Amino acid sequence: MIAIAVIRLRDLFAVIILFGIYSLLTAALFMDLNAVDVAFTEAAVGAGVTTVMMLSSLYLTSRWEATPKHNSLLPLLVVCITGAVLVYASLDAPLHGDPSSPVHQHVAPRYIEKGPAEVGMPNMVTAVLASYRGFDTFGETFVIFTAGLGVLLLLGIQKPHKPQPELNTVANEVVLKVVVKMLIPLILLYALYVQFHGDFGAGGGFQAGVIFSTGFILYHLAFGEIEARRVIPTCWLPRLAALGVLIYGGVGVFALLEDKPFLDYSALADDPVQGQHLGVLLVEFGVGITVFSVILLIFHILAGRSRQS
Amino acid sequence: MNELQLLTWIPLVPLLATIGIVATGKSPNIREAVSITAGLILFWMVASLASIVSWDNTATLVLAEPLPGLSLAFNLEPLGLLFALVASFLWPVTTLYAIGYMRAHHEINQTRFYAAFSVSIAAVMGIALSANMLTLFIFYEILTLSTYPLVTHAGNDKARRAGRVYLGLLMGTSVGLLLLAMIWTWHLTGTLTFTNGGVFDHTISPVILSVLLILYVFGTGKAALMPFHRWLPAAMVAPTPVSALLHAVAVVKAGVFTILKVSVYIFGVDTIAELAVSDMLVMIAALTIVLASAIALYKDNFKARLAYSTVSQLSYITMGAMLGIAAGAIGSGLHIAMHAFGKITLFFCAGAVLVTAHKSNISELNGIGRRMPWTMGAFAIGAVSMIGAPPFAGFISKWYLLSGAFQTEQWIAIGAIVISTLLNAAYFMPIIYAAFFKEEDPQHSHGEHGEAPLPILLALLVTASATWLIFFFPGVPLALVEQMVNG
Amino acid sequence: MMEIPGLFNYWVVVFLMMAGFYVVISRGNLVKKLVGLALFQTSVFIFYISMGKISDGAAPILVEGVTTYSNPLPHVLILTAIVVGVATTAVGLALVIRIYEAYGTVEEDEINEQDLIDDSAADEPVSSLGGEKDK
Amino acid sequence: MNVTEHLPILVVIIPLMTAPLCVLLGQPRLVWFAALVSSWLSFAAAILLVMQVTAEGPISYWLGGWEPPWGIEYRIDILAAYVLLIVSAMASLVLVFARKSVPREIDEHRIAYFYTAFMLAFAGLVGIVATGDAFNVFVFLEISSLATYALISMGKDRRALNASFTYLIMGTIGATFILIGIGSLYMMTGTLNMLDLAARLPEVSDTRTVRAGFAFLTVGIGLKLALFPLHLWLPNAYAYAPSMVTAFLAATATKVAVYLLLRTILVIFGIDFSLGLMPLDNLLLMLGLIGVLSASLVAVYQRDIKRLFAYSSVAQIGYMVLGIGVANTTGITAAILHLFNHALMKGALFIALGAVAYRIGSTRLEDFAGLGRKMPWTMAGIVAGGLSLIGIPPTAGFISKWYLVLSTLEQDLWPVALLVLLGSMLAVIYVWKLVEAAYFGKPDEYRHYQEAPISMLAPLWILVIANFYFGIHTGLTVGLATQATSALTGGGG
C-alpha cells in the first residue's frame, strides 16, 4: 500500500506526491463511508493544500532524504506496542457499521431526528458543525487563524522580487493565461455556491474557503507574484483572517449581549429556527473568509520565500 | 508591658535593629550604637519577662496558622526563657566585643555583618520562645540561612567551601531527617505542640519511637553530634565574634536546645528512659565527647581546638537529655548556660590574641600572658570552668550530669565525663602554662603589643566574671531548669 | 472496501497508524516526519469516520424517504480534526524552512550534532569566581 | 447583559477575541495594552468565578444554548476555577513583565503578531480548563499548542527552532493519542460530554477498548505534561524560548496538563477505575519519583540557569504526579497545592531570569557573577523563589512538601518520603550553585550593570511576596485544594 512506499522512498518529492494520492484515496474511502463533507474537505485540504504547501516548502529545503544513521529498532518497538494496544482495543469494539453500537445510540439520534427541525437545514453535518457544536468550529477557526499567524511569525512576508525565468516561461503562455482567466470565475463561482449551499448539500465554509483560495493561487501561478499581490496585497490577508474570526465571534458576542448563551443563534431573529439559519450562514461566512485568507497567506509567504533562499 | 506584648516584641526588636543597622550603614558609630542599644533593650525585655512570668498559666501568642491545626505560636517555657536570657545577655556583650574586634581587624562588609548578626539573634529568640515544633523548625532554618553570610563573611574560596559544608550539613540534616520526623510525629499524634510529659501515648510501638528519636537527634545537625559535627570546625573561618556568640552559644545551643525540648516535651523523660535506643544514643554522645576532646588535643589552631572542645561539650548536653532522668535533663539545661559563658570567654580571648598579637596558633602563645595578663587570666577562668572544677560555672552542670549518670548507672556516660575532663585539662592547661610561664620565643613575636583593645577587654572580663559568679549564685538557671523538669 | 464487515476497517486503521507513527519517530528527515505525522492523523480520521458508518445508511443529508443515516457527529469532529492537522503541518513546514535556513539541513541527526557543538561552545567551565571586595 | 451568568465563557472569550483585535491594531504599544487589559479582565472574571463556585457549587454553561450532551458544555467546578485563577493571574503578571522584555527580544514588526500568538496560547489554556467536553479539550489544546510552537520558535538562539520542532512533533503525537483516546471512549459510550462519559463509562469499563482509550489518553496527556520519560521536549523549549514565554509556560502550561490528568483519571474514569482497576497509581508513583530524582540530578549539572530551572520544572511535575500516584486524599491535595505554589515560584524565578537576561543578555551561570550586588532586588527574588523551590519554611513550597510527605507517610511509604526529601536536598544544591555565583562571584568590570526596571521587579516581587504569604496564610490555597479534592474524589465535579 502507499503508506509503505511513503516509508521506503527517499525522494521526498515522490513521497509528497504519493501522500497526495493517498489523501485522495482516503477521501474516496470517506465518500464510501457516507462522510460526504469530510471527503470533500480531505480532498481539498489533504490532497490539495497540504501537498501544495509541502511541495513549495520542499522547494525551499532539500529534496533528498539522507539514509538514517541511527538504527530504528526502538521506534519499531514503540510502534508495535502502540499497534498491539490498538488491536487489543479493537477486539472489544462494536462491529463496523453495526447500527446498534453505542455510537449511534446516545447522542447522535437527536441530531439526525431533531437536527433538521431545530436548526432548519437538511445537512445535519453542517447543523451539528455550526450549531450544536458551534463552539468546536469556533475553536477550529481559531486553529486555522493561529496556523496562519504562526507561519507569518516564523517566515514573515518578503517583498516580491522580480519574477524568475522559469516562472516567466509559464507566465508568458498566452493560452494558459486565457484559460486561467476563464477558469477563475468558474472556480470562484463554485466556491460561492459551496459556501452558501453548505446547509443543503455537502460543503460549507471550509471547503469554500479552500476552493476560493485555490482560484487565487491559480491566478498567482499564471500571472506571477507581482500581479497576484496587486489583486490582494499580502499584508491584507492577516487582517482579513482576523476579520473572519471576528465575524464568527461577533455572532457569539451578539448572543451574549442579548443575554443568551454564547453562540446561541436563536438570538439573531425572533423565530429561533430563522435565527439558527441566519447564524449558521454568518458563521460559515466568517469561517470561509478566515480559511481563504489564511491559505492564501501561507501560499504567498511560501512563494515569496522561495525567491530569496 | 504584659507577657503577650513582650512575646511579640522580643523577636521583633532584633529585626527592627536590622533595619536600623542597614539604614545607618553609612556611619559606623550610629550603626553600632543601634545594635548595642537594641541588645540592651532586648535583654531588659527578656529579664522583665522572666520577672513577671508565672508558670501556672503561661500565655501563648499565635501568629498564624499555616497548616490546619498547626500554628506558628510563641509561648513561654522555663528552658526557653533560660536560653533567651543567656543569648540576650551575651548579645550586647558580644556586640561590644565585635566593635573592638572588627575595627581592629579592618573587616569588610561590617554593615552586612551586624545586620545578619541581629537577624540571627531574632531567629534565636524565635527558637527559644517557640511553642511547637513547627515554629521551632522555621526559626531553626532562618538561623541557618542568616548565619550563612556570617560564616562566608571573608568571601574567599576557603570561606565559600566552609559555607557549603555548613549549609549542606545543617540544611541537609534538618530537611532530610528533622522535617521527616516532624511530619511523622504529626501523622501519628496530630500535634507538634510542646507538652509536659510528651505527646506520644502508649499505643505507638517503641520501634517507631526509636526511629523517630534517632531522626530527631541526628536531624538536629546544629547539635553537632558525630558524624554531623564537621560544620562546626568549618564555621571557624568566620570572624571571631561570630564563632564566639553563634558557634559557641546561639547556633549550637539552638541545636542541643532543640534536642532537649524534643526529649522533654515531645517524648517526655520517662518515654526516653523506656526506649532502648536512648542508651545507644548515649553511647554515641559519649563517643563524640571523647573523640572530639582527643581531636582538640591535636589541634594547634587556637579556634579549631576551641571548636572541637565545643563539639565535645555539646554532646554532654545531648547525653544528659538521652539519659532519660530528671537529673540528666537538669544537667543538660544548666550546661546550656554554663558552657555558654565559659566558651564565649575562651573565644573572646582567642580573638583578642588574634587582633592584638596576630597569633592564631597555640604553639605561638608562649609568654603572651605577660603582655596580655587580663586576657589570659580570663582565659584561665574559662578553661577551668570548661574542665568543670569549682569555683566556676562548669562544675555545677557537670555535677548534675554525673549524678544523673550515676542514678541511671550509665557507666559509659560516667566514663566519658571523667575521661573528657582529663582531656579538657590536657588541652587547656598547657596553653595557660605556656602563656604565663614559658619564655616568649622571638620567631613568633610580631613586634611589641600590649593588652587587647578596651571594648574587647571589657567584654571578656564581663563574661569571665559571669562564669565565676554563677557558681555562687546559680539560683535563676537552677530554678528554671527544675521548673522545666517538674512541669 | 465498503462491503468488508466487522473489524477489518479498524485493522486497516491500526496498520496506517503504525506506519505513520513509525515514520514520525524513526525517520530523521523533518519533512518526512511531517508527512508521517499527517499519515498518522489521517488514519485516526478514518478510525472516527468508520465508527460513524452505519451499514447501508445514507450520507447525513436529509432526503425524503431515507430513514437511516450515518452518524454525523464523527464527521463533524473529523472536519475539525482535518483542519487542525493541516494547520499543524503548515506551522511544522514553516519551522522546517526556518531550520533549513538556520542549519542548512533538515536531517535531525545533523541538526542535533550542530546543537551539541553550540552547547559545548557555550559550556566551557565557569571562570573561577574570585572573592568579593568591600563597597 | 448579565455578566455573572456568562462568567465561564467570558474568561475564555475575552483573551480569545483580543487575539484578532491585536492583528487589526498592529501598533505594538497598543497591542500590548489591549493584551494587558484583556488578561486583567479575564483575571477578574476568574476571581469572580472562584467566589461564585465556592458559594454556589459547580457552574454549567450551555454553549449555543444546547443542553449537554448535545451541545458543548462549560463546566466550572472548584478545581477548574482554581486553575483558571492561576493561569489568568500568571498571564496578567507576565504581560506586565513583557512590556520591557518583549521589545528587547522580538523584532519590531513581529511584536503585534507575537502578542496575538500569546493571547491565543493563553486563551487556549483557559479553554482547556473551562470546557466540560472531551473533544473541545482537543480543539483548544491545539490552539494553545500551535500558538506555543510559534512563540517558542521566536527565541533568538537558532536552537529555539529545533526545540520548537521537537515540541511540535511530540506535542502533536500527544494530541493525536488524546484524540484516539477520546475516539475509543466515544465509540463505547456515544457521548463526548465529560460528566456524561463519567456516568456511562462504568457499565463498559471492563471492555478492552475503554482501557486502551484510557491508556492512550494518559500517554497523550503525559506527553503534554512532560511526565518522565516523556519530558525530553521541555528543557530545550524552556531554555531557548523568549523570557516572557518561558515564564508563562513554566507557570501555566504544565499545570493545565496536570489539571487535565486529574480531570481524566478522577472525573471521567473515576478514581476506582483509574487507580483501582488500572495499575496507574504505582506507575505514576514510580515515574514521578524517578522524574524528581533524575531531573534534579541533571539540573545540578546545568550551566545555563534557564535550562537548570527547566529541569527543576520536570522534577516539580514529578512531585505533582507523585502526589496523584500516592492516591489518597492528602496526596491529591498535595498535587493540587503544588500546582498553585509551583506556579508562584517558577513564575517568580523565570521572570527574574528574564530580568537578568534583559540587563546582561545572558542567563549563563558565569554571567551571574556578582549580580548579588549589581541587581540586589532581582537576585533576592531569585533566592526567595529558590528557597520556596527547596521547600524551606515559611514559603509556599514548604506547605506542599509538607502535604506530599504527609500523604506518603499515611500510606506507610516512608522510603518514598525519604526520597522526596532527598529531592529537595538536590534542590538545595542547584539553587545554591546560583547563590554562590551571584554573591561571591566577581562582577565583570567591563560590563555595565543596572537593576532591572520596575515593570519587571513589580511582577517578580508580587510573586515573591505571594510565595511567603501563601506559606504562612494557607487558608485560601489549602482550603480550595481540599475542597477540590473532596469534590473530585467524591466523583464528578
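This passage describes the chains, helices and unusual backbone sites of a predicted model.

Contacts between chains come first. Five pairs of chains touch, and among these 5 pairs chains A and C share the most contacts. Chains A and B stand apart. No contact joins chain A to chain B. Their closest C-alpha atoms are separated by 39 Å.

Chain A is built from helices. The secondary structure comprises 13 helices and 0 strands. Read from the N terminus, the order of elements in chain A is α-α-α-α-α-α-α-α-α-α-α-α-α. The chain has 309 residues, of which 53% are buried. Contacts in chain A were also sorted by sequence separation. Of those between residues at least 6 apart, 70% join residues at least 24 apart.

The domain assignment splits chain A into domain 1, residues 1-89, and domain 2, residues 125-309. The contact between them draws 14 residues from domain 1 of chain A and 17 residues from domain 2 of chain A. On the domain 1 side of chain A, the residues that touch domain 2 comprise 9 nonpolar, 4 polar and 1 charged.

Chain C, the partner of chain A in the pair with the most contacts, has 4 helices and 0 strands. Its elements run α-α-α-α from the N terminus. Of the 135 residues in chain C, 63% are buried. Among contacts in chain C between residues at least 6 apart in sequence, 43% join residues at least 24 apart.

Chain B contains a hairpin. Strand 1 of chain B covers residues 60-67, and strand 2 of chain B covers residues 70-75. The two strands pair in the antiparallel sense over 5 bridges. One bridge links B:Leu67 to B:Leu70, the latter in strand 2 of chain B. The hairpin has 2 residues between the strands. B:Gly69 in this hairpin takes a positive phi near 80°.

Helix 3 of chain B spans residues 78-105 and has 28 residues. From first C-alpha to last, helix 3 of chain B reaches 39 Å, close to the 40 Å expected at 1.5 Å a residue. The helix nevertheless bends, by about 25° at B:Trp91. A proline, B:Pro92, follows within four residues. Of the 28 residues in helix 3 of chain B, 25 are buried, so the helix is largely enclosed by the rest of the structure. After helix 3 of chain B comes B:His106, with a positive phi near 50°.

Helix 12 of chain B was examined in the same terms. Helix 12 of chain B runs over residues 302-322, a total of 21 residues. The distance from its first C-alpha to its last is 31 Å, close to the expected 30 Å at 1.5 Å a residue. Helix 12 of chain B is largely enclosed by the rest of the structure, because 20 of its 21 residues are buried. Just after helix 12 of chain B, B:Gly324 takes a positive phi of about 70°.

Several loops hold backbone geometry of note. Most residues other than glycine have a negative phi, and most peptide bonds are trans. Against that background, a cis peptide bond joins B:Met226 and B:Pro227, with omega about 5°. B:Pro227 sits in the loop between helix 7 (206-219) and helix 8 (231-234) of chain B. The loop between helix 7 and helix 8 of chain B also holds B:Ala224. B:Ala224 is not a glycine, yet its phi is positive, at about 55°. B:Ala224 counts as buried because it has 31 C-beta neighbours inside 10 Å, and 20 or more suffice.

A second positive phi in a residue other than glycine occurs at B:Glu409, near 55°. B:Glu409 lies in the loop between helix 16 (393-408) and helix 17 (411-437) of chain B. With 8 C-beta neighbours inside 10 Å, B:Glu409 counts as exposed. The two sites thus contrast in surroundings: B:Ala224 is buried, whereas B:Glu409 is exposed.

Chain D also has a cis peptide bond. This bond joins D:Pro393 and D:Pro394, with omega about -5°. D:Pro394 is placed in the loop between helix 16 (376-390) and helix 17 (396-410) of chain D.

How values were computed
Residues are numbered from 1 along each chain as its sequence is written. Chains are lettered from A and ligands numbered from 1 in the order in which they are written. This is a predicted model: local features need pLDDT of at least 70, side-chain atom pairs count only at pLDDT 80 or more; totals for chains, interfaces and linings use all residues. Two residues are in contact if their C-beta atoms, placed from the backbone, lie within 7 Å. A residue is buried if 20 or more other C-beta atoms lie within 10 Å of its own, exposed if 12 or fewer, and partly exposed in between; C-beta atoms are placed from the backbone. Two strands pair if DSSP finds at least two bridges between them. The expected span of a helix is 1.5 Å times one less than its number of residues. The bend at a residue is the angle between axes fitted to the seven residues ending there and the seven starting there. Domain bounds come from an automatic or database domain assignment. Ala, Val, Leu, Ile, Met, Phe, Trp, Tyr, Cys and Pro count as nonpolar, Asp, Glu, Lys and Arg as charged, and the others, Gly among them, as polar.
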